[in-house]
Amino acid sequence: MPYYYGYGYYFDPTWILVLVGMVICMIASARVRTTFSKYSKVMSRTGMTGAEAARRLLDSQGIYGVQVLPVSGNLTDHYDPRDKTLKLSQSVYGSRSVAAIGVAAHECGHAIQDEVGYSPLRLRTAFVPVANFGSSISMILIIAGLIFGARGGSYSILVNIGIFCFSLAVLFQLITLPVEFNASSRALTLLQDTGILYGDEAAKTRKVLSAAALTYVAGALSAMLQLARLIILFGGRRRD
């Protein structure tokens, strides 16, 4: 069992940071599910489906080259800038609810960001392979450093590189926040400008998008707490 500086072999209070992050993510995830479920029962007055709303929004901005396609899963909606496709989940593509239209419009917001060259989206897209590499290799490096340290070697270099790699994944989470907030803002504005939503429908859709945004905030906070834990345990330490 690794030795935790200042805590001995059997008690590591820094796990509290991980647990707090998990609870935050669970609360955010539960909220988006309940909010989406609630407003999935509220049908829009226009009677448009999520797919129809997405097509109209894209066309209103002169974006004709993006395909709107169905994708399996629940709330697996996303825009892929690589092949210019906007993919809507089963609960959104054919649904006529204000919740479905809001989610579809949010993904349209990403397509519009791509069309106008929104800098944070470009940065996030370019950062994806870096973040994926950092996330996949970080724990391997940290564990390898601990193993070598247990055998009497110096592990600080490997562990510190691992922490740095994990910080790249955290940075990606932070870069994602303005991209998601901006997409929702664009979505709400367009839905009202194009007349797809009426009156209080916009307020209901805003609640759905706000709940979804909280999942990104929760993810970023959780990642930051995990990074803080790694820094507390190993950052800048050397084995005597």
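What follows is a chat about a predicted model of a protein, going from its overall make-up to single residues.

Student: OK, what is the secondary structure of this protein?

Tutor: Keep in mind that this is a predicted model. The protein has seven helices and three strands.

Student: And what pattern do they follow along the sequence?

Tutor: Along the sequence the pattern reads α-α-β-β-β-α-α-α-α-α.

Student: What box do the C-alpha atoms fill?

Tutor: Roughly 70 × 35 × 25 Å, taken along the principal axes.

Student: How much of the protein is buried?

Tutor: Of the 240 residues, 42% are buried. On the outside, the protein exposes about 12,300 Å², and carbon and sulfur atoms supply 62% of that.

Student: How many positive and negative side chains are there?

Tutor: There are 22 positive and 14 negative side chains. The centres of those two sets lie 7 Å apart.

Student: Let's do helices. What should H1 span, going by its residues?

Tutor: Helix H1 covers residues 15-39, which is 25 residues, so at 1.5 Å a residue it should span 36 Å. Its end C-alpha atoms are 37 Å apart, which agrees.

Student: Which residues in H1 are buried?

Tutor: Val18, Gly21, Ala28, Val32, Thr35, Phe36 and Tyr39 are. As a general point, an α-helix has 3.6 residues a turn, so residues three or four places apart point the same way.

Student: What covers the buried residues of H1?

Tutor: The cover includes helix H3 (90-93), helix H4 (98-116) and helix H7 (200-234).

Student: Switching to strands. Is S3 mostly covered or mostly open?

Tutor: Strand S3, residues 85-89, is mostly covered, with four of its five residues buried.

Student: What about S1 and S3, do they pair in the parallel or the antiparallel sense?

Tutor: Strand S1 (residues 67-71) and S3 pair in the parallel sense, over five bridges. One place to look is valine 68, whose bridge partner in S3 is leucine 86.

Student: And how many bridges join S2 to S3?

Tutor: Three bridges join strand S2 (residues 78-80) to S3, and these two run antiparallel. Histidine 78 stands opposite lysine 87 in S3 there.

Student: How many residues sit between the strands in that hairpin?

Tutor: The hairpin of S2 and S3 has four residues between the strands. One residue to find is lysine 84, in the loop between S2 and S3. Lysine 84 has a positive phi of about 55° although it is not a glycine.

Student: Why bring up the sign of phi?

Tutor: Most residues other than glycine have a negative phi. Leucine 75 also takes a positive value, with phi near 55°.

Student: Where is leucine 75?

Tutor: Leucine 75 is in the loop between S1 and S2.

Student: Why does lysine 84 count as partly exposed?

Tutor: Because its relative accessibility is 35%, and partly exposed runs from 20% to 50%. Leucine 75 is partly exposed too, with a relative accessible area of 31%.

Student: New topic: leucine 197. Where is that?

Tutor: Leucine 197 is in the loop between helix H6 (156-193) and H7.

Student: Buried or exposed?

Tutor: Leucine 197 counts as buried because its relative accessibility is 6%, and buried means under 20%.

Student: What is leucine 197 in contact with?

Tutor: Leaving aside neighbours within four places in sequence, leucine 197 is in contact with Val98, Ile101, Leu191, Ala202 and Thr205.

Student: And how far apart are leucine 197 and serine 44?

Tutor: They are 153 residues apart in sequence and 7.0 Å apart in space, C-alpha to C-alpha.

Student: So what share of the contacts joins residues 24 or more positions apart?

Tutor: Taking contacts with a separation of 6 or more, 71% of them are between residues 24 or more positions apart.

Student: What about H7, which helix is glutamine 226 in?

Tutor: Glutamine 226 is in helix H7, and at 31% relative accessibility it counts as partly exposed. Its C-alpha atom is 6.6 Å from that of leucine 17, which is 209 residues away along the chain.

Student: And leucine 230, buried or exposed?

Tutor: Leucine 230, also found in helix H7, counts as buried at 5% relative accessibility. The C-alpha atoms of leucine 230 and isoleucine 142 are separated by 9.3 Å, with their positions 88 residues apart along the chain.

How values were computed: Residues are numbered from 1 along each chain as its sequence is written. This is a predicted model: local features need pLDDT of at least 70, side-chain atom pairs count only at pLDDT 80 or more; totals for chains, interfaces and linings use all residues. Side-chain values use heavy atoms; hydrogens and water are left out. The expected span of a helix is 1.5 Å times one less than its number of residues. Buried means under 20% relative accessible area, exposed over 50%, partly exposed in between (1.4 Å probe, protein chains only). Contact means heavy atoms within 4.5 Å. Two strands pair if DSSP finds at least two bridges between them. Accessible areas come from the Shrake-Rupley method with a 1.4 Å probe; for residues, only the protein chains shown count as cover. Lys and Arg count as positive and Asp and Glu as negative; His and the chain ends are not counted. The place of a charge is taken as NZ of Lys, CZ of Arg, CG of Asp or CD of Glu.
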